[in-house]
Amino acid sequence: MPNMETQNSNVSRAEEIKVLANEAFKAHKYGQAIDLYSQAIELNGDNAVYWANRAFAHSKLEEYGSAILDASKAVEIDPKYSKGYYRRGAAYLAMGKFKDALKDFQQVKKICPNDPDASKKLKECEKAVMKLKFEEAIAVPESQRRSVADSIDFHSIDVEPQYSGARIEGDIVTLDFVKKMMDDFKNQKCLHKRYAFQMVLQTREILQALPSLVDINVPEGKHFTVCGDVHGQFYDLLNIFELNGFPSEENPYLFNGDFVDRGSFSLEVILTLFAFKCMCPSAIYLSRGNHESKSMNKIYGFEGEVRSKLSETFVELFAEVFCCLPLAHVINGKVFVVHGGLFSVDGVKLSDIKAIDRFCEPPEEGLMCELLWSDPQPFPGRGPSKRGVGLSFGKDVTQRFLQDNNLDLVVRSHEVKDEGYEIEHDGKLITVFSAPNYCDQMGNKGAFIRFEAPDLKPNIVTFSAVPHPNVKPMAYANNFLRMFS
């Protein structure tokens, strides 16, 4: 047993470290804050505040699984510590687990009956749960559901004579149209819904015909660019094209999922990407991310944004089209590109990925879920996911997967990185993230990777955020979630 003097010294040292951790948190250095809170916990693991604070830092990095574990530990240490329940409730909420969140907010209200903030959040949470129950009650079973795409005839939609925005002449999306549309978007003008319908429906048709794993061939002497998450940061997307050229047959791109949510120009991003896909399908490849799903779009802004800028029909239509997005790509048989990561089991072959029936909302487990949600970890083997969905996988898992499939490299996205990218697993795995200063507060760079055939050596280009109009991230997000961000 440590003597009393050592214990006291540990307790006061832990407090000093907590102060440093709080400063790192205020400076948006959440990874550093987590490391410091962890040091404080090692010195004094019986202080509920340290666990709750670390939970908050985990939430800021979207590590909601870790946040729930830490907040649970806080309330185990001190069952009357309202902030522990509050942090856990907020993390459940961010994962769309409204019923679990509700229990925690009820507990907060019980401990702090006179706190107006606790009452407000509880009311909002009750509303969200009621809405969810109502939606579940009126939901049409999957087997009876009709495709909204089949009910849309965009030809019959009139374009008003006073409409001065971009127009598609006939059925062909041209580069001139795409440039005019992007210019309109840049000036915060909307695209007419007739043309939006036309492009989204045409993209659906193109995507539907693709396999779940798409092979990309880059001829010798040619190049290919891979971008990571864009997350509704339209002005940063324009900057990528400024730096690296528009997508074309000669300058092809792969955007590796999470096109939408969080950033408040998600509609402009997705319509731009779809426009290039319609203009020239081999100029741009699109992969599904975990945010191309109804549950995420409901919480993180895309659904609200589409409803505000277009209509409810478009909300349903985008949800349908997202289910058509391929899950992974292989460049020249050597580079495996996926949004999230690898699997909870060894021996997965590319043919297994090709065989996934992807035309659905992402399940909560299995290969499709893991492709969209998993993250690498610095140590070998497999571990639980920091996010509470998918898993963490080590370099041995990466090496075996590459070996089993005769591949050289895994490229994935899904995680914000200070430099816009990170090379891990002995150079066999690269994370690329293309949303600089993510959510207007992370201070990170963005990056993209250019591969030159035939050697496909990754050339990484980083860039900083550019200014955008004064519309904050999450402006269209679930009202309740905005209270916590």
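**View 1. Cysteines without disulfides in the predicted model.** In this predicted model, a search of the whole structure returns zero disulfides. The cysteine sulfur closest to that of Cys125 belongs to Cys112 and lies 16 Å away, which is too far for a bond, given that a disulfide calls for two cysteine sulfur atoms within 2.5 Å. Cys227 likewise takes part in no disulfide, and its nearest cysteine sulfur, in Cys280, is 16 Å away. Cys125 is buried, with a relative accessible area of 0%, and Cys227 also counts as buried, at 0% relative accessibility.

**View 2. The largest nonpolar core and the elements that build it.** The largest nonpolar core contains 58 residues, and those with the most contacts inside it are Leu191, Met199, Phe255, Leu317 and Phe318. At least two residues of this core come from each of the helices α8 (175-186), α9 (193-208), α10 (234-244), α11 (266-279), α13 (302-309) and α14 (312-322), and from each of the strands β3 (253-255) and β4 (284-286). Helix α11 supplies the largest share of this core, with nine residues.

**View 3. Surroundings of Phe318, and a separate core.** Once residues up to four places away in sequence are set aside, Phe318 touches Val200, Leu267, Ile270, Leu271, Phe274, Phe302 and Val306. Apart from the core that includes Phe318 lies another core, made up of 55 residues, among them Ile68, Ala94, Met368 and Trp373.

**View 4. Thr203 in helix α9.** Thr203 is found in helix α9, and it counts as buried because its relative accessibility is 0%, where the limit for a buried residue is under 20%. When neighbours within four places in sequence are left aside, Thr203 is in contact with Phe274, Lys277 and Cys278. Phe274 is also one of the residues touched by Phe318.

**View 5. The second largest pocket and its lining.** The second largest pocket holds about 1100 Å³ of space and is lined by 46 residues, of which Gly31, Leu61, Glu63, Lys386 and Glu415 lie nearest its centre. Two or more lining residues are given by each of the helices α2 (30-43), α3 (48-60) and α4 (64-77), as well as by each of the strands β7 (375-376), β8 (382-384) and β11 (421-424). Helix α2 gives the most to this lining, with six residues. Sorted by class, the lining of the second largest pocket comprises 18 charged, 14 polar and 14 nonpolar residues.

Note on methods. Residues are numbered from 1 along each chain as its sequence is written. This is a predicted model: local features need pLDDT of at least 70, side-chain atom pairs count only at pLDDT 80 or more; totals for chains, interfaces and linings use all residues. Side-chain values use heavy atoms; hydrogens and water are left out. Buried means under 20% relative accessible area, exposed over 50%, partly exposed in between (1.4 Å probe, protein chains only). A nonpolar core is a set of buried Ala, Val, Leu, Ile, Met, Phe, Trp, Tyr and Cys residues joined through side-chain atoms within 4.5 Å. Helices (H or I, at least four residues) and strands (E, at least two) are DSSP runs, numbered from the N terminus. Contact means heavy atoms within 4.5 Å. On a 1 Å grid over the protein atoms alone, a cavity is a set of points where a 1.4 Å probe fits but cannot get out, and a pocket is an open set with protein on both sides within 12 Å along at least five of seven lines; lining residues have an atom within 4 Å of a point. Grid points are joined across faces, edges and corners, and a volume is the space filled by probe spheres set on the points. Ala, Val, Leu, Ile, Met, Phe, Trp, Tyr, Cys and Pro count as nonpolar, Asp, Glu, Lys and Arg as charged, and the others, Gly among them, as polar.
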